[in-house]
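Please load the model below and keep a selection panel to hand. The tour proceeds by selections, each followed by a note on what is to be found there.

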Amino acid sequence: MSVLSKYVDRIAEKCEQNGITKHAFSYALVTSAILALTIKVSIPYVKSAHTSTGGTQKGKTKVNKGELTPSGTDSSDEDLKLAEAEKLLVAQQLKKKNNNNFIEPGLNHKFLKQLKMLAKIMIPQTLCYETGLLSIHTFCLISRTFLSIYVAALEGALVKFIVRKDIKQFALVLLKWFGIAIPATFVNSMIRFLESKLALAFRTRLVRHSYRLYFKNQNYYRVSNLDGRIENADHRLTEDISVFASSVAHLYSSLTKPCFDLMLIGLALMRSSRKMKANIITGPALSVGVIALTAHILRIVSPKFGQLVSEEANRYGYLRHIHSRIITNAEEIAFYGGHKVEMQQLRQAYNRLVNQMTSIFNQKLWFIMLEQFFMKYVWSGTGMIMVSLPILTGSDVGSATIRDTNITESRVSERTQYLTTARNLLISAADAIERLMSSYKEIVSLAGYTYRVAGMMDVFEETAQGVYCKTSVMESDQSNGVIEFRNGKPIAKGRIIYSDEPGNMSINLRAVPVVTPNCDIVVPKLTLCIEPGVHLLITGPNGCGKSSLFRILSGLWPIYAGELQIPRPVKDVPCMFYIPQRPYMSIGSLCDQIIYPDTREDMKRKEITENELRCILKLVSLEHIAQRDSFDVVRDWKDILSGGEKQRMAIARLFYHKPRYALLDECTSAVSIDVESSIYEIAKGMGITLLTITHRPTLWKYHTHILEFDGLGSWQFRKMNADEQQKEQFLS
C-alpha cells in the first residue's frame, strides 16, 4: 500500500510541474475510481437487458437446435465436450432441485429452524459440557471488554501526566499498564483456546449424532443406493460438519464480544462526556444514525453469499467424489485405458469449482471495497465528531476569568486525557461495529453450511423410515398398479412379518414385486415358499432379478406390495447370510476377517477358540494363511488375498456364523471345482439351506428346487429332477 501511495505522489508531483494542482489531480483520481465502479456495476445489467430483448452477438455464438455452442476457431474439441458435460450436469441438478421442491439457502425461516434443530444437538441440555465452555467463554469475553476499557483509561492517564510533566505519576501508571498486560494477553489466548474447544465439542456432538443416523437401519446403504439426494455423504459427514461447527463457535465470539464492547464502551463514553459537562445524547444518536444507514446500504447491495458458499461446497464435494471413484475403480480404469476420460471429468469438475470461486472473489471485491469505505472513513469521521462534541460544546464556566496557570494546565491535561481515552474507546467500538457488520457475511455463509448439514440429517431420518427420493424410470401412470406414488415418491406398502414360531422357519413371499430403486419393475408379482432344507437354485439371464431377490430377502430394498415372512433372528444364530461374488475384506487381523461382522468380544461370548477357527480355515483350504500369519496380525487383506482366497474367506465366515439360510451370489466363481464341491457338501451337512445364483452346471446336484426367471417378468418355481441338466441359454 505504501508503494502505491509513493507512486501516486510521484505522479501528482509531475502533474503539478505541468500546471495541474494536487487538488485537481485528487478530484480526477476519485472521479475515475467512481466511474470505474459505476461501469463495473452497470455492465451486468446492460448485458442482461440486451439478452432479454433477443439480441445476439454475431460471430461468437450460433444457435443449433436450441443450444448455444462456441463457434470460434480457437475452441478445441475438449472444451466443447467439457461445456456440453457441464450443461448436462447443471440440467440434472436443476431437475433434481425442482423435484425436491428445492429452497435456496439464505437468511429465512427455514435457516432459523434448521439452526435451532442443530443447536439442540450441539447443546442437548441446560447443564452439560458445552454450556460450561460457553459460560467460561462468555466470562472471558466480558473480562476482555473491561480490560480494554481499563487499558484505554490508563493510556489517557499516561498522556495526562506527560502533558503535566509529572514523572512520578507517569512511572506509576506505566507500571500498572505493564501489569495489566499479563492478564490481558492470557484472556486473549483463552478466548482463542475456548473457541477451538467449543468448535471441537460441537463437532463431536454432531458427528456422533450423524453416525448414529448413518448406521441406523442400514442407512449407509440406503442413502447411496436407494436415495439420490446426497451424492457424497462422506464429504458432508467430515468437511461440512467441521466447517459448520467452527463457523458457529467463531460466530458466537464475533457477535457476543462486539455487543459487550458496544454496551460497556458506550457507558464509559457517556460517563466521560458527563465529566466534561457535555450533552450525552447527541454523539450516540449521531453514531446510531450513521451506522444504521450504512448497515442498510450494505444489506441491500450484499451478494447472496449463502447460495454462493453452498454451491461452492457442492462443487468441491463433487470433485472429491470423482477422486474417490477413480481410487475405488483404479484397476478397471487401468484395464480399459480410460485415463483420458477420467482426467477430462476431473478437469471439468475442477473448472466448475474454479469458476464458482472466481465468481465469489469478484463479488467480494466490490462489496469489501464499499464496506471498508463506510467502516474506515465514514465511521472514522463520525467518531471524530463524537469525540470533539464534548470539548466543543462542553460548558467551561469561568475559564475567561481564571488567571492561575496551574488550573489552566490542569484543564488542558484533563481534555487531553479525555481525548486520548475517548479516541481509544472509539477505536475499540469501531472495531466492534466492523466485526458485527462483517458477521453478516459469516451468518450468510453459515446459512449455506447449515443447509447442507441439516439437509443431510433430514435425509438420514427419512431414509431410516423408508422414505426415498430418487430419479425413477417410471411414472405413476405406468406402474400398472404395482407401485403407488404419493407426491411423486413411491410408497412401500408391503409388509415384513417376522415369525417367532420355533416350528415355522420358512421364508414366504406373497405377491411381492421385484422393483429396483429407480422404480424399474423387474418382476410384477412373486409368490413362493422356501422351507428349511429346500436348497434353491436361481437361474435366468442378466438383469432378470436374481440378485434383486436377495436384496429384498435381506431387507435392503423396500417392498412396495405384498408380504414377506421370514424367521426372526435369534441370538448368535442369524437368519440369512449373504455372500457376494466380490467379498468385502474389513480392516483388521486374520481373526477379524473370519468372524466379521462379529467382534472379539462376541467371539469370546460364543466361546469359540482359535483352534476352531483353524478348523474352519481348513474346511475352505486356507489353513496355510493361519500357518503363515497369526490370527492377530493386521494386514491389508484386500490386496494380499487372491480372488479365490477372498471367496473362500467369505465361506469361512459362513461356517463360523452357521445361519439358517445362505444367499450365495456367484460366491465360488473363482474357486476350483473340487474345493467348491467340498464347500457345498459341508454347508449342507451343517444344516444350512442354500439359495444359490450360479452359472456352473456342477452345482445343480446340491439343490432340490429351481427358480427360473425369463427376463420378461415371468418366473417358474418347481422341484428339480434328479438327472436334470442346466439349460443351454444359461451357460453363457
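Select N508 together with Q565 in β9, and the two residues will be seen to stand opposite each other. They belong to the pairing of β6 with strand β9 (residues 563–567), which is antiparallel and runs over three bridges; strands here are DSSP runs of E with at least two residues, helices are runs of H or I with at least four, and both are numbered from the N terminus, while two strands count as paired if DSSP finds at least two bridges between them. This is a predicted model, in which local features need pLDDT of at least 70 and side-chain atom pairs count only at pLDDT 80 or more, whereas totals for chains, interfaces and linings use all residues. Residues are numbered from 1 along each chain as its sequence is written, and side-chain values use heavy atoms, with hydrogens and water left out.

Extend the selection to the whole of β6, residues 507–515, where seven of the nine residues are buried (under 20% relative accessible area, with exposed meaning over 50% and partly exposed in between, for a 1.4 Å probe and protein chains only). Adding strand β7 (residues 521–530) shows an antiparallel partner joined to β6 by six bridges, with L526 of β7 as the bridge partner of V512. The two strands form a hairpin with five residues between them, and in the turn C519 has a positive phi of about 65°.

Next, display the open sheet of six strands, whose order is β10-β13-β14-β8-β15-β16 and whose pairing is mixed. At its edges stand β10 (576–579) and β16 (715–719), each with a single partner strand, so one side of each has no neighbour in the sheet. From one strand to the next the twist averages 15°. Helix α20 (residues 643–657) packs on this sheet and touches β10 and β13 (661–665), its direction making about 170° with that of β10; contact means heavy atoms within 4.5 Å, and the angles, on a scale from 0 to 180 degrees, are taken between N-to-C directions of lines fitted to C-alpha atoms, for helices over the stretch in contact.

Within the sheet, select β15. Why is this strand described as largely enclosed by the rest of the structure? Five of its five residues are buried, so the surrounding structure largely encloses β15, with H705, L707 and F709 covered on one side and I706 and E708 on the other. Strand β8 (residues 536–539) pairs with β15 in the parallel sense over four bridges, and H705 is the bridge partner of L536. Strand β15 (residues 705–709) also pairs with β16, here in the antiparallel sense and over five bridges; H705 stands opposite K719, and F709 has W715 as its bridge partner. Five residues lie between the strands of this hairpin, where G711 takes a positive phi near 85°.

Now move to R236 in helix α8 (residues 233–275). This arginine is buried yet has no salt bridge, and the nearest side chain of opposite charge, D240, is 4.5 Å away; a salt bridge requires a side-chain nitrogen of Lys or Arg within 4 Å of a carboxyl oxygen of Asp or Glu. Leaving aside residues up to four places away in sequence, R236 touches several others, among them R229, N314 and R452.

Finally, select residues 145–163 and 170–191, which an unreviewed UniProt entry annotates as "transmembrane region". Residues 145–163 are 100% helix, with end C-alpha atoms 27 Å apart, and residues 170–191 are likewise 100% helix, with end C-alpha atoms 31 Å apart.

Key. Lys and Arg count as positive and Asp and Glu as negative; His and the chain ends are not counted. UniProt positions are given in the numbering used here, feature names are shortened, and annotations may be inferred rather than shown by experiment.
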